[in-house]
Number of protein chains: 2
Amino acid sequence: MRRIAALPLIALALIGAKADDGTATAAKLRDAALEKNVAWELVESLTTEVGPRLAGTPKEAQARAWGAAKLKALGFQNVRIETYDMPTWVRGEEEAWVLGEHSQPLAVTALGRSGATPAAGIEAEIVHFANVEALEAAPAGSLTGKIAFVTHAMARTQDGSSYGYFGVVRRSAPSIAATKGAVATLIRSMGTDMHRNPHTGGTNWAAGQTPIPAGALSLPDSDQLERLLKRGKPVRLKLVMTPRFIGNQQSGNVVGEIVGREAPDEVVIIGGHLDSWDLGTGAIDDGAGIAITTAAAKVIMDGKQRPRRTIRVVMWGAEEVGLLGAAAYAKANSGDKIVAAAESDFGAGKVWKFGYRVAEGAKPLMATIAKVLAPLGISHDTANTNRGGPDVQPLATLGVPTLAPEQDGSDYFDLHHTPDDTLDKIDPKALDQNVATYVAMTWLVANSDVQLGPVAAGPAR
Amino acid sequence: MRRIAALPLIALALIGAKADDGTATAAKLRDAALEKNVAWELVESLTTEVGPRLAGTPKEAQARAWGAAKLKALGFQNVRIETYDMPTWVRGEEEAWVLGEHSQPLAVTALGRSGATPAAGIEAEIVHFANVEALEAAPAGSLTGKIAFVTHAMARTQDGSSYGYFGVVRRSAPSIAATKGAVATLIRSMGTDMHRNPHTGGTNWAAGQTPIPAGALSLPDSDQLERLLKRGKPVRLKLVMTPRFIGNQQSGNVVGEIVGREAPDEVVIIGGHLDSWDLGTGAIDDGAGIAITTAAAKVIMDGKQRPRRTIRVVMWGAEEVGLLGAAAYAKANSGDKIVAAAESDFGAGKVWKFGYRVAEGAKPLMATIAKVLAPLGISHDTANTNRGGPDVQPLATLGVPTLAPEQDGSDYFDLHHTPDDTLDKIDPKALDQNVATYVAMTWLVANSDVQLGPVAAGPAR
């Protein structure tokens with residue numbers, strides 16, 4: 001009885017596996033990625049041999065040459081560099097010093113697109129604002145001749161949402177302070193570590209506005225300045241900050257493909273960004289993303305069967321300075337049949353949740369992917385609202401579906417945009433888990449004939 | 001029966017407490033210290049209002065004025081500053097840059113007493129040595145025109161012994177490299193953290209030797225340089241390092257006392273050092289020691305009874321640059337009847353072991369102290385060989401007994417001599433445990449008539 005009853009169950013299981021189209025292969029590829037992949041080798045090479053690679057500079061050009069050479073060496077097809085020009089900003093001297101009886105240096109760095117002080121610096125009194133709302137409430141002209149000092153209460157979070165919420169301080173405070181007469185703005189770094197390495201990052205100016213010097217203090221220095229202000233006497237600073245714009249320079253995106261076996265014109269995009277801030281060597285931001293996605297594609301390339309659709313690895317340029325590579329990419333490639341796009345750009349922490357934004361009809365495929373990812377410790381974010389990494393935003397705005405393995409960013413903002421963003425911060429095991437995630441997800445989408453769109457076009461709300 | 005039998009036990013306990021001379025008071029003072037003391041207030045004030053205080057500079061003079069004012073305000077007697085002159089070294093510009101195809105900056109800082117490059121810097125090839133033995137084995141003249149790069153395998157330890165063992169790299173490698181023709185020396189920082197804040201610290205030259213530029217790379221930068229060298233091609237660096245000696249300057253030790261009620265000429269010394277390296281604000285090195293020992297004496301001062309003997313708080317100057325304050329102190333005060341001396345100079349981690357070096361006859365008193373410290377989580381180091389902190393070495397060499405609460409230094413070398421040595425690194429609870437330790441130990445010795453000496457004079461082997 002038992003043996004007879006068991007037979008149909010086994011048969012059913014076998015049929016189930018076949019009907020499940022690609023799941024078994026995806027699991028096999030996933031496990032192969034955990035076993036061996038080239039991600040560490042790639043991120044070690046990029047961060048060591050190229051190092052810092054600020055957008056628009058010769059170092060970013062060196063990174064493009066590196067990217068194209070690696071893609072070719074790994075066997076990718078149609079390797080190319082798609083160039084564009086961009087206004088380029090470079091760092092100068094930077095120094096802050098408390099004047100008077102409590103004289104001491106403070107660790108400061110210029111924000112991207114900061115204006116400059118004269119070479120000899122400026123001396124001015126500090127006015128503290130605990131948040132952007134307080135700064136906005138300051139009367140017009142009330143900051144004339146002063147340095148605005150703006151702090152915030154950013155916290156450590158797994159999903160990085162605190163950065164999005166409090167990040168307005170970096171993005172907007174300098175511009176607001178300038179409209180009220182400030183001669184400079186210093187912010188508390190957008191970070192979560194207590195090391196004296198300030199966090200840089202871009203700040204924005206209104207059209208036609210003249211940038212004022214805008215810098216970030218490390219968290220210990222920001223606390224120190226707050227303690228000095230609490231003494232109740234005016235605190236004056238000397239600030240030297242001499243970054244400059246060096247006009248339009250060339251930047252570019254690097255692309256390589258695994259051409260699909262049945263639907264070569266249908267493209268699944270995965271990638272990271274090649275530029276980094278100049279302070280560190282861009283290991284977690286975003287050497288890791290470059291390495292994870294390239295290594296994942298390579299694992300698929302080395303599998304038994306090419307996928308139905310084309311997998312395209314994109315190494316975007318000039319992300320840090322305003323998604324310039326992403327904008328150029330979307331503009332130049334809007335005619336392509338892009339099935340879906342994913343970017344890894346949140347460090348190298350383990351993926352803990354799988355999110356996406358797809359059409360209703362693609363939900364079963366998403367559930368299949370989630371099932372293959374589950375053994376990696378990844379849960380399923382069914383909200384269907386995740387627009388993915390920064391460089392796929394221009395594509396998402398055009399209506400391209402997005403895939404979004406969500407990384408654990410609990411320590412991401414300890415390192416983000418600081419000199420501490422170096423190779424040693426990457427855990428090779430977590431890196432491998434990321435590669436395995438991208439392998440399974442990318443294979444399943446690329447080997448499927450399910451349409452992931454349409455999704456609504458338009459910018460994120 | 002029960003009640004009758006109990007009476008003699010209680011009586012015995014009371015007699016025991018009386019015979020135990022001071023134990024009960026010590027325990028009460030210990031617990032009072034845990035409840036409330038001024039250590040945090042002191043270290044907050046010193047690190048915020050004075051900040052970095054390099055020996056021989058106006059900032060160290062400001063720290064002396066701070067120390068004397070605090071001791072007076074707290075009610076100490078005989079507050080005084082004992083001055084001496086010292087050769088003074090100050091930091092200049094410092095920058096290291098990999099030249100050629102892998103061009104990138106490296107985080108570097110000059111070691112104390114480093115020589116200088118020309119203002120425009122030098123360019124030279126790197127030669128790597130994995131330890132001082134390998135450097136010593138290099139043939140005479142083999143480093144002519146080269147930069148020696150010396151690394152080591154220092155590890156994280158609770159007692160800090162790895163620093164003592166591997167520290168020869170910082171203390172001696174530059175001098176050895178100079179004898180073989182090196183134009184500069186770079187070492188892997190003597191530290192255990194992976195942040196891009198190099199660790200400074202003094203290096204030594206042979207008598208008459210001309211100092212060459214000597215710097216430390218942060219650990220991530222040291223690893224990066226090793227990775228670049230592993231590529232197999234020569235690596236050339238540009239190095240700018242312009243520290244200078246500014247001649248003899250005034251330094252000094254700050255002293256305050258609680259004069260003993262019965263034996264005022266018998267002195268128990270506790271203290272820390274007032275100077276710090278210039279990169280951080282000297283919170284764990286050694287604002288904490290200043291705060292712990294001053295706060296401990298203040299708790300005793302505020303107790304019901306003054307101790308038999310005098311308690312003297314000493315804030316030594318110029319420790320970092322070669323125990324100059326300690327040497328001047330021992331010379332100027334060698335006529336005093338110094339019962340014992342203790343320095344807190346290993347951060348603000350919890351005390352985990354109580355050590356000392358005393359005469360045989362004082363061992364019972366040491367056991368009594370250990371018993372009062374045990375509830376604080378402190379074990380008893382009975383080796384009787386602990387010569388205490390750096391600034392009591394000249395006293396120990398004269399034959400002064402030493403007391404040594406041993407702090408947990410597991411993370412001390414993450415911060416030691418770096419810009420990261422700031423207030424936020426101190427755990428207020430651990431600080432309080434230190435104060436309680438010093439309170440109990442100091443009270444018991446100062447209120448005793450037990451002689452702690454004689455111990456052997458002479459330097460540590």
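A salt bridge here is a side-chain nitrogen of Lys or Arg within 4 Å of a carboxyl oxygen of Asp or Glu. The side chains of R91(A) and E94(A) fit that description, with N and O 3.1 Å apart. The structure is a predicted model, where local features need pLDDT of at least 70 and side-chain atom pairs count only at pLDDT 80 or more, while totals for chains, interfaces and linings use all residues; side-chain values use heavy atoms, with hydrogens and water left out. Residues are numbered from 1 along each chain as its sequence is written, and chains are lettered from A and ligands numbered from 1 in the order in which they are written.

How open are these charged residues to their surroundings? Buried means under 20% relative accessible area, exposed means over 50%, and partly exposed is in between (1.4 Å probe, protein chains only). R91(A) has 15% relative accessibility, so this residue counts as buried. Its partner E94(A), at 23%, is partly exposed. Elsewhere, salt bridges that share partners tie R80(A), E82(A), E257(A), R312(A) and D336(A) into one network. One link in that network is the pair R80(A) and E82(A), whose closest N and O atoms are 3.1 Å apart. R80(A) is partly exposed because its relative accessibility is 26%, whereas E82(A), at 18%, is buried.

Over all chains, the count comes to 44 salt bridges. Another of them pairs R231(B) with E49(A), at 2.7 Å from N to O. R231(B) sits in the loop between α8 (219-230) and β9 (236-241) of chain B, and E49(A) sits in helix α3 (residues 39-50) of chain A, so this pair joins two chains. Helices (H or I, at least four residues) and strands (E, at least two) are DSSP runs, numbered from the N terminus. With a relative accessibility of 30%, R231(B) is partly exposed.

Next come the helix pairs. Two packed helices are described by the angle between their axes and the distance between the axes. The axes are lines fitted to C-alpha atoms, for helices over the stretch in contact, and the angles run from 0 to 180 degrees between N-to-C directions. In chain B, helix α2 (residues 23-35) packs with helix α14 (residues 428-446) at about 160°, and the axes are 8 Å apart. That angle makes α2(B) roughly antiparallel to α14(B); angles over 145 degrees count as roughly antiparallel, under 35 as roughly parallel, 65 to 115 as roughly perpendicular and the rest as oblique. Contact means heavy atoms within 4.5 Å. On the α2(B) side, the residues in contact include A26(B), L29(B) and A33(B), and on the α14(B) side they include V435(B), V439(B) and W443(B). Sorted by class, this contact has 10 nonpolar, three polar and two charged residues. In that sorting, Ala, Val, Leu, Ile, Met, Phe, Trp, Tyr, Cys and Pro are nonpolar, Asp, Glu, Lys and Arg are charged, and the others, Gly among them, are polar.

Chain A offers another pair: helix α4 (residues 58-74) and helix α9 (residues 283-301) pack at about 15°, with axes 11 Å apart. This makes α4(A) roughly parallel to α9(A). Here W66(A), L71(A) and L74(A) of α4(A) meet I290(A), T294(A), K298(A) and M301(A) of α9(A). By class, the tally is five nonpolar, one polar and one charged residues.

What about single residues tucked inside chain A? L225(A) belongs to helix α8 (residues 219-230) and is buried, at 0% relative accessibility. Setting aside neighbours within four places in sequence, L225(A) is in contact with L106(A), I126(A), F149(A), L217(A), V235(A) and L237(A). One of these partners, V235(A), is 10 residues away in sequence and 8.4 Å away in space, C-alpha to C-alpha. T442(A), in helix α14 (residues 428-446) of chain A, is also buried, at 1% relative accessibility. Not counting residues up to four places away in sequence, T442(A) touches V268(A), I270(A), I300(A) and I311(A).

A few backbone details round things off. Phi of A318(A) is near 50°, a positive value in a residue other than glycine. A318(A) lies in the loop between β12 (309-316) and α10 (324-332) of chain A, and is buried at 0% relative accessibility. For A318(B), phi is near 50°, and the residue is buried with a relative accessible area of 0%. The peptide bond from G453(A) to P454(A) is cis, with omega near 0°, and a cis peptide bond also joins G453(B) and P454(B).
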